[in-house]
Amino acid sequence: MKPFLIHKKVIFILMLTLIIVSCEDVVLVDTDAKNLNLITVEAYINTSQTNNVLVKLEKSLPIDQVKKNPPINDAVVEISDDQAPPETVRLEESGKSGIYLVPESKNYTTEPGRTYRLTITTPDGTIITGEEYLRKVEKLDTVKVNLSPRGDYEFLAIFISTQETPGPGDYYKWDIFINNYLLYGGDALAFASDELVDGNYVYDLEIFTDWYDEDDGDEDRILFEGDTIKVLQSSISRDAYDFYLGMQNQAFSGSPFSVPPANLPGNLSSNNGRKILGLFSARDISVGNSVVIDSSNFTPLVASAGS
C-alpha cells in the first residue's frame, strides 16, 4: 500500500487515543484484607540483542505502608516457545532481588511469529503461567524533536513517523530514552491501537510533550539543548494494551467521571486460583534514529509531505 499523508482530523483523533502512562508498571490493588500479600509479576521478553528477558516477582503490601514490596526469592522461572521441541530457558535470580534474568552463560533469542509461555513456581508451590504472541513491529522511520503545535509552539515535543501494519488488531508502545536513561513519569510513555489508522503511513505523530510551568523556570523541564533522544517502538498485545488502559483509568480515578477502582486486568493465572497481579509482555522492537537537541530543534515542526 502506497504511503500517504493522514488528514489532520485523523491525526488529531489518533492523538486523543494515545494513552500516556507511567513506565513503571505500578500495580494498584484494593485495600481490604483479602487483597493483601498478593503476588505481583512484571515480566517481558523482547527482540533486543541483550537484556531481552526480565521477570520481577514481589508480594504486595498494604497501601498505607511506605516500605518497598518484598521480593519473592528462590522461585523457578522458565520461558519457552511454541516450537517442537520448545526452546526453553530457566532464569536465574540476581542476588536476592526478586529479579530473574537469562544466565550470563546463555543467549535466549526471541523471534516474531512465535508464542511464548512464562511458567513460575514460587517456593510455596504456586504455579503461575501466562502466554504472549510476539507480533512483528514495523520499522520506526524517523524521530524528530521540535516545538509542539499543541502547546502554541512554546514547548518541545518528540514526534515519530512510521508505517502502520495493514490489518486490524495492532498495538504499539513507545519508550523514550534521554541520554540513554529511560524517561519515567506519568507523561513519559505513550501507547495506542491502530483502530483509526490501519494500514496508513503515520507522519509526525506527537508522542511526548515537555509541558512545564514557565513561571517555575526550568524546574519541571525535561528536554534540554545537548540532550540525546532515542525512541524504541514496540509491538504489544491486546492484553498489554488493556493493562495500560487500566493503569490510565486508575491514574485518573477520583474525578466525577472516573471508573471505580479495581485491580488491573492482566494475562497471568495460577494453579490454585490465587489472584496474580501484573503482566507478561512479548514485544518486537524497532529503534529509531538518535536526535541531539540543538538550536535547530527550537522551531515549529514543518509537516512532512506524503507521496
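This is a short chat about reading strands, a cavity and one residue in a predicted model.

Visitor: Let's start with strands. How do they hold on to each other in a sheet?

Guide: Strands of a sheet pair through backbone hydrogen bonds, and the pairing can be parallel or antiparallel. Here, five strands make an open sheet, running in the order β6-β7-β3-β2-β18, with mixed pairing. Its edge strands are β6 (92–93) and β18, each of which pairs on one side only.

Visitor: In which sense do β2 and β18 pair, and over how many bridges?

Guide: Strand β2 (residues 39–46) and β18 pair in the parallel sense, over eight bridges. You can trace some of them by eye: E42 has L279 of β18 as its bridge partner, and I45 has A282.

Visitor: Is strand β18 largely enclosed or open, and why?

Guide: Look at how much of each residue is accessible; under 20% relative accessible area counts as buried. In β18 (residues 276–283), eight of the eight residues are buried, so the strand is largely enclosed by the rest of the structure.

Visitor: Which way do the residues of β18 point?

Guide: They split into two sets: I276, G278, F280 and A282 point one way, while L277, L279, S281 and R283 point the other way. All of them are buried, whichever way they point.

Visitor: Now for empty space. How many cavities of 30 Å³ or more does the structure hold?

Guide: Just one. The largest cavity has a volume of about 90 Å³.

Visitor: What lines the largest cavity?

Guide: There are 13 lining residues, and E164, Y172, W174, V197 and V202 lie nearest the centre. Sorted by class, the lining has seven nonpolar, four polar and two charged residues. To find the place on screen, go to β11 (156–163), β12 (171–178), β14 (189–193) and β15 (201–209), since each supplies at least two residues of that lining.

Visitor: Last one: P300. Where does it lie along the chain?

Guide: P300 is in the segment after β20 (291–292).

Visitor: Is P300 buried, partly exposed or exposed, and why?

Guide: The middle class runs between the 20% and 50% cut-offs. P300 has 42% relative accessibility, so it counts as partly exposed.

Visitor: And which residues does P300 touch, leaving out those up to four places away in sequence?

Guide: P300 touches N146, L147 and Y153. Try V145 too: it sits 155 residues from P300 along the chain, yet their C-alpha atoms are separated by 9.5 Å.

Terms used. Residues numbered from 1 in each chain as written. Predicted model: local features only at pLDDT ≥ 70, side-chain atom pairs only at ≥ 80, totals over all residues. Heavy atoms only, no water. Helix = DSSP H or I, 4+ residues; strand = E, 2+ residues; numbered from the N terminus. Buried < 20%, exposed > 50% of the residue type's maximum accessible area, 1.4 Å probe, protein only. Contact = heavy atoms within 4.5 Å. Pairing = 2+ DSSP bridges. 1 Å grid on protein atoms, 1.4 Å probe; cavity = no way out; pocket = protein on both sides within 12 Å on 5 of 7 lines; lining within 4 Å. Points joined across faces, edges and corners; volume = space filled by probe spheres on them. Nonpolar A, V, L, I, M, F, W, Y, C, P; charged D, E, K, R; others polar.
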